[in-house]
Amino acid sequence: MNTSSHTDQWRSFLESCGKLAIAPPPFEVSGSLTRVTGLVMEAVGLQLAVGSGCTVLMPNGNKVEAEVVGFHGDRLYLMPTNDIFGLTPGAKVIPWSNTGALPVLGEGAQPRRRASDRFRRFPVGKGLLGRVLDGAGRPLDGLGPLEVEHGAPLTNRPLNPLDREPINKILDVGVRAINALLTVGRGQRMGLFAGSGVGKSVLLGMMARYTSADVIVVGLIGERGREVKEFIEQILGPEGLARSVVVAAPADTWPLMRLQGASYATSIAEYFRDQGKNVLLIMDSLTRYAMAQREIALAIGEPPATKGYPPSVFARLPQLVERAGNGLKGGGSITAFYTVLTEGDDQQDPIADAARAILDGHIVLSRQLAEAGHYPAIDIEASISRAMTSLISPAYFEQVRGFKQLYSRYQRSRDLISVGAYSAGSDRLLDRAIQLYPQLETFLQQGMFECARYADSADGLGTLLGQQSQSGPA
């Protein structure tokens, strides 16, 4: 036998063994499903961190994506992101990896992940502009796959508040009543408090079309599916959509998908802010986000505290809201408007009360004004912008205060005036309020497709009160 040939065979065999030792064939770690109760699935055989992703395999070959939302002993509590119809006891549960691979998504496609992708990263980038996505980052608009190269997690570390740029620049939202009387600054977080059917979506659409922002991110969370299409086509319009990204997680999606949708919209806004862009984030609604967290928390056994809301709900609200705002000094900004549903127009609802405490101001929409045909139905007396005094001059603030005094004085005396019980000359301020009230009311109203720029709004306020406008910065 040829010694050289024999040596080569042994060398080849040893090299093969060495490759196997360095890169052994992959093995699959999996658990099994032991229980499904309501919204929660229980699995054993795995040790995963809260927030990890899993895939549950069905007998018919379909898959259910889920996330670890809690654990008890050796049992994991999983929350699905899609329908669980067809699951059977003992179904295999496969975890994702922790490589942070970016999902490559096409129309209706599932994310392509390796067996070790454990924490999800969602697509972000300029390729999202003009697109409509679901809470998992999948396109809903039929325009083909997403062309993005970056991925971002659903949660980010909060910025040091001392490193943030202060709110010192006025943001023009194109709505006269807000520009002139509730001036908003770049990086401010405002709440839009409204019941159903008072023009909330129309006002959001006006701000989306006319706000002077580089990028608009819209999160439609927990709303009716019909409203998603109407908001995009009729309210946002082609012009608004061109510079927008819409994330839609309607009411018929699972609670985890609604939570993801809100967090994903915020992650997209953070990406553009980090690129130095001024972003307008519109989220409709913060209440549905809280309700989704309540469903999950109650399902895994967290006790209810305030009117059926578990403590985790009030912990997650500021975690979401604090991600918006200005970035580092000299960087971009996220100006956020969160709608808060006031059931039965109750301003003392737990979520409404918590939102007022963590936001930088609130705009209240009045059903009484809406029923009278007054649009936008902004209740100026009940609304406030907490950053306004640092954005405008003291002289202009006095004009704003004068407008509110006249408007409020007339509203308090409306019944006396309407029945003729008030005698002119009894109250000089009320006399002036009666004289100017038609103009005050006209000033607060605006057409859906009418844009009122900040400078024009401020000048109009000064003209109305017979004073020279002094709307410059403080």
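Are D284 and K200 buried or exposed? In this predicted model, both D284 and K200 are buried. Their side chains meet in a salt bridge, with 3.5 Å from N to O. The pair links distant parts of the chain, since D284 belongs to strand β15 (residues 278-284) and K200 to helix α3 (residues 200-210), 84 residues apart.

**Salt bridges**

A search of the whole structure finds 18 salt bridges. Three of them, including the pair just described, are set out below.

| Salt bridge | N to O distance | Burial |
|---|---|---|
| D284 and K200 | 3.5 Å | D284 buried, K200 buried |
| K229 and E233 | 3.3 Å | K229 exposed, E233 exposed |
| D274 and R273 | 3.9 Å | D274 exposed, R273 buried |

K229 and E233 both lie in helix α4 (residues 225-242), four residues apart, or about one turn of the helix. An α-helix has 3.6 residues a turn, so residues three or four places apart point the same way. The pair formed by D274 and R273 joins an exposed residue to a buried one: D274 counts as exposed because its relative accessibility is 59%, over the cut-off of 50%, whereas R273 counts as buried because its relative accessible area is 5%, under the cut-off of 20%. Salt bridges also link R35, E42 and R75 in a network.

**Helix α3 and its surroundings**

K200 is one of the buried residues of α3, which also include L203, L204, G205, M206, M207, A208, R209 and Y210. Nine of the eleven residues of this helix are buried, so α3 is largely enclosed by the rest of the structure. Among the elements that cover these buried residues are α2 (176-181), β12 (189-194), β13 (215-221), α4, β15 and β17 (333-341). Strand β15, which holds the salt-bridge partner D284, is thus part of the cover of α3.

**Cis peptide bonds**

Most peptide bonds are trans. A cis peptide bond, however, joins D284 and S285, with omega at about 15 degrees. S285 lies in the loop between β15 and α6 (286-299). Another cis peptide bond joins Y375 and P376, where omega is about -10 degrees. P376 is found in the loop that runs between α9 (367-371) and β19 (384-385).

**The barrel**

Six strands close into a barrel, in the order β1-β2-β5-β4-β3-β6, and their pairing is antiparallel. On average, neighbouring strands of this sheet are turned by 45 degrees against each other, direction ignored. Strands of a sheet pair through backbone hydrogen bonds, either parallel or antiparallel. Strands β1 (residues 31-37) and β2 (residues 40-44) run antiparallel and are joined by five bridges. R35 has E42 as its bridge partner in β2, and R35 and E42 also belong to the salt-bridge network with R75.

**Packing of α10 and α13**

Two packed helices are described by the angle between their axes and the distance between the axes. Helix α10 (residues 394-412) packs with helix α13 (residues 454-464) at an angle of about 65 degrees, and their axes are 10 Å apart. The crossing of α10 past α13 is left-handed. On the α10 side, the contact is made by Y396, Q399, V400 and F403, and on the α13 side by Y454, A458, L461, G462 and L464. Seven of the residues in this contact are nonpolar, two are polar and none is charged.

Methods: Residues numbered from 1 in each chain as written. Predicted model: local features only at pLDDT ≥ 70, side-chain atom pairs only at ≥ 80, totals over all residues. Heavy atoms only, no water. Salt bridge = Lys/Arg side-chain N within 4 Å of Asp/Glu carboxyl O. Helix = DSSP H or I, 4+ residues; strand = E, 2+ residues; numbered from the N terminus. Buried < 20%, exposed > 50% of the residue type's maximum accessible area, 1.4 Å probe, protein only. Contact = heavy atoms within 4.5 Å. Pairing = 2+ DSSP bridges. Axes fitted to C-alpha atoms, helices over the stretch in contact; angles between N-to-C directions. Left-handed = near helix turned anticlockwise from the far one by under 90°. Nonpolar A, V, L, I, M, F, W, Y, C, P; charged D, E, K, R; others polar.
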